[in-house]
Amino acid sequence: MTPKGVEEKPSESALIAALRRTIACQEYQGKRFGQDYLAEVFLPFSYRFLLKFNQIRANTKAKLDALFPGMTEFIIARTVYFDGLFAAALMERTPQIVLLGAGYDSRACRFAKLNDGTKIYELDIAPTQERKKQCLKRANIQVRRQVKFVPIDFNRESLQDVLDRAGWQPQQETLFIWEGVTYYLLPEAVEAVLEFISRAAQKDSMIAFDYSIPLTEDNWNDYYGAKEFVHSMREYQANEAILFSIGEGEIESYLAQQNLRLIEHLDNNEIERKYLINDDETLIGKIPGHLRFVIAAPIILEQTTMRS
């Protein structure tokens, strides 16, 4: 079952992610490490006002870092990573993009000028989605007609049924982006999504997502920020517990069990080297050592010609 409270109100983790992206954008002036200039739209007015002051912004980041060391840097890297995939899909005229658990993702608006007909399906729980639409409306931000908001409860509803009702076309190539979501789902819910993509999506489709390796008292001291991450999640985000992980070194075999092939996998060190290096070749900060990026695609030889 879904953790109590998750489906009744907007996602707390999505709001905190928007807060971190806002801090990054203001800190780095919208450049490489702070690209999400619309993140602040989703924050309460008091937050938006106070974060404009350098000292308050620095204090806020310091408090966040104390609870979750490296998480702001991870959000920066994750935004850059998925921004690149999203923009490339638009430029290559990929027919469809599906955002699984879109939260306060602003890419459909930020990259609107690159969109020459790609249909974008934003899936999330209804409370988060309704609040998002209200925030965009209040900020006078127009959402293009190619974008469709689709409510879903990943732990209870069939992804195929939800997408079918929304008008998604299985015969067309699709980029699925699953950002900051897998952690909070039951293992069987994650497997159902991956199984659906391997079975129903067109053969050139891809899914990109981030995930955690398992953390226990036996290993959390081995990974930067992991112990603090576990303790802070338990204390401050208990209603969004970490439910899913993939063992270290097991990603390829795990995907194969879901009839998916591995295209790209980045561990914490690779993420830092690729996305958090300054022009002077210094690192802007470390990320939690247990977090990973992955891209996968259906195993072509096992693609069926008809949907079951």
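pLDDT is the predictor's confidence in each residue, from 0 to 100. This is a predicted model, where local features need pLDDT of at least 70, side-chain atom pairs count only at pLDDT 80 or more, and totals for chains, interfaces and linings use all residues. Residues are numbered from 1 along each chain as its sequence is written, and side-chain values use heavy atoms, with hydrogens and water left out.

**Exercise 1.** Work out where the pLDDT drops under 50.

*Solution.* Start with the whole chain: its mean pLDDT is 92, with 94% of residues at 70 or more. Next, look at residues 1-6, where pLDDT stays under 50. The model gives that stretch twelve contacts (heavy atoms within 4.5 Å) beyond four places in sequence. Then go to residues 302-308, also below 50, with 16 contacts beyond near neighbours in sequence.

**Exercise 2.** Check the chain's radius of gyration against that of a compact globule.

*Solution.* Take the radius over C-alpha atoms, and use the globule rule of 2.2 Å times the number of residues to the power 0.38. For 308 residues that comes out near 19 Å; the chain has 19 Å, so the two agree. Now add burial: 55% of the residues are buried (under 20% relative accessible area, 1.4 Å probe, protein chains only).

**Exercise 3.** Find the buried residues of helix α9 and what covers them.

*Solution.* Helices here are DSSP runs of H or I, at least four residues, numbered from the N terminus. Helix α9 spans residues 226-236, and A226, F229, V230, S232 and M233 are buried there. Their cover includes α3 (54-67) and α4 (71-91). As for the spacing, an α-helix has 3.6 residues a turn, so residues three or four places apart point the same way.

How values were computed:
Buried means under 20% relative accessible area, exposed over 50%, partly exposed in between (1.4 Å probe, protein chains only). Helices (H or I, at least four residues) and strands (E, at least two) are DSSP runs, numbered from the N terminus.
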